[in-house]
Amino acid sequence: MSQVHLRRKIAPRVANGHPWIFANEVEKVEGSPEPGAVVDVLYADGKFCGKGYYNPASQILVRLLTREAKDTVDEAWFKRKIEACWKYRQAIGYTENCRLVFGEADGVPQCIVDKFNDYFVIQTLALGIDRWKPALVKAIQEVFKPKGIFERNDVPVRELEGLPQHKGFLSAPFDTGIIINENGLKFHVDIENGQKTGYFLDQQDNRRYIQNIVKGQDVLGAFTYTGTFEIHAAHYGAKSVLGLDISQNAVDQANRNAALNGLESIVKFEQANAFDVLKQWGKEGKKWDVVMLDPPAFTKSRANIQKAITGYKEINLRGMKLVKPGGFLVTSSCTNLVNPELFLQIIEMAAKDARRPIRQVTFQTQSQDHPIVWGMENTQYLKFLIIEVG
């Protein structure tokens with residue numbers, strides 16, 4: 001097997017368990033490994049560091065899969081990984097819908113597998129894991145006997161690894177418009193054309209946190225996508241719910257979800273630019289008991305972090321101005337580039353500018369099927385906050 005030798009001076013994170021090895025941390029490469037091949041990685045003193053997939057076209061030269069020298073990375077290894085991921089999800093109570101494989105947090109870098117009951121969606125975001133896609137499919141078929149497996153590799157990040165974007169069936173074709181159950185509700189999921197893998201599983205725990213604050217209240221939701229938070233609000237006893245999204249397709253799906261749960265008389269969805277509408281309604285003095293904001297990531301790169309800070313501050317400022325005194329703001333951020341401390345600072349700045357006192361009710365991260373590994377920043381990305389606005 002080809003060997004990658006590290007320099008003496010490398011980031012402590014490698015020794016402390018982080019799986020990424022950057023090109024500037026490598027002294028030399030012995031052998032002629034093909035892009036995507038599994039290589040041995042050795043420290044400068046010759047001691048074994050780990051095994052991982054190699055890509056000379058990426059800034060991250062090696063992504064480690066194992067720290068055990070005796071491990072052989074093959075089909076059986078990937079099956080054991082899938083079994084271990086499933087055992088963990090079962091142990092913490094996720095048996096129907098879950099993120100089965102969460103990349104680096106599960107020891108399979110740049111691999112995402114979402115389980116929607118009997119259907120599975122796979123993303124392989126690096127060259128190394130893309131090569132093992134057949135092994136992943138075989139393991140899922142053997143462990144779960146699924147009704148269908150679909151590939152959602154229509155994501156730009158693959159191009160950084162020299163991979164094309166594409167999507168399609170990895171099993172016999174099936175109807176990709178499915179229905180899942182969550183918290184006693186039903187939701188349409190568009191596996192083929194929905195955002196990400198078709199549905200945002202990372203908020204499934206957080207949607208339960210609104211159940212007490214929305215009872216008997218008038219609720220406004222912005223950036224609703226397919227309406228999951230708003231439909232939960234109606235289910236939990238809200239008096240009225242209005243949801244806004246810039247995408248007419250998302251609004252149509254959200255209204256279908258409302259009808260699916262018999263809640264269309266309580267919750268309505270409309271197509272609108274949330275930034276513009278919230279600003280206008282603030283000027284008009286409109287007010288709601290609860291305002292919920294779940295905006296997209298405002299940046300994918302550190303170079304644009306200030307743009308993201310400005311965007312989050314602006315939308316939360318506008319949201320706060322629409323909350324009745326003593327009401328609640330429910331807000332989220334899904335970019336790991338905005339860390340929890342910075343997110344809370346942004347909310348504090350927005351409150352000062354809005355001249356509204358606030359009290360924290362709860363502050364959460366992504367659902368527990370998306371485990372967080374300390375020292376791996378990209379495994380903790382979602383911030384979910386409920387505050388009382390005075």
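**View 1. Zero disulfides are counted in this predicted model.** A disulfide here needs two cysteine sulfur atoms within 2.5 Å, so it helps to look at the cysteines one by one.

**View 2. Cysteine 85 and its closest cysteine partner, cysteine 111.** Why is there no bond from cysteine 85? Its sulfur lies 8.1 Å from the sulfur of cysteine 111, which is too far for a bond. Cysteine 85 is also buried, at a relative accessible area of 4%.

**View 3. Cysteine 98, with cysteine 85 as its nearest cysteine neighbour by sulfur.** These two sulfurs are 9.4 Å apart, and cysteine 98 takes part in no disulfide. Is cysteine 98 buried or exposed? With 0% relative accessibility, cysteine 98 counts as buried.

**View 4. The fold around these cysteines.** Do take a moment to trace the whole protein chain, with its nine helices and 20 strands. The C-alpha trace spans about 70 × 45 × 35 Å along its principal axes. For 390 residues, a compact globule would have a radius of gyration near 21 Å, and the chain's 23 Å agrees with that. Among contacts between residues at least 6 apart in sequence, 62% join residues at least 24 apart.

**View 5. Inside and surface of the protein chain.** Of the 390 residues, 54% are buried. The chain exposes about 17200 Å², and carbon and sulfur atoms supply 50% of that area. As for charge, there are 49 positive and 45 negative charges, and their mean positions are 4 Å apart.

Note on methods: Residues are numbered from 1 along each chain as its sequence is written. This is a predicted model: local features need pLDDT of at least 70, side-chain atom pairs count only at pLDDT 80 or more; totals for chains, interfaces and linings use all residues. Side-chain values use heavy atoms; hydrogens and water are left out. Helices (H or I, at least four residues) and strands (E, at least two) are DSSP runs, numbered from the N terminus. The radius of gyration is taken over C-alpha atoms; the globule rule is 2.2 Å times the number of residues to the power 0.38. Buried means under 20% relative accessible area, exposed over 50%, partly exposed in between (1.4 Å probe, protein chains only). Contact means heavy atoms within 4.5 Å. Accessible areas come from the Shrake-Rupley method with a 1.4 Å probe; for residues, only the protein chains shown count as cover. Lys and Arg count as positive and Asp and Glu as negative; His and the chain ends are not counted. The place of a charge is taken as NZ of Lys, CZ of Arg, CG of Asp or CD of Glu.
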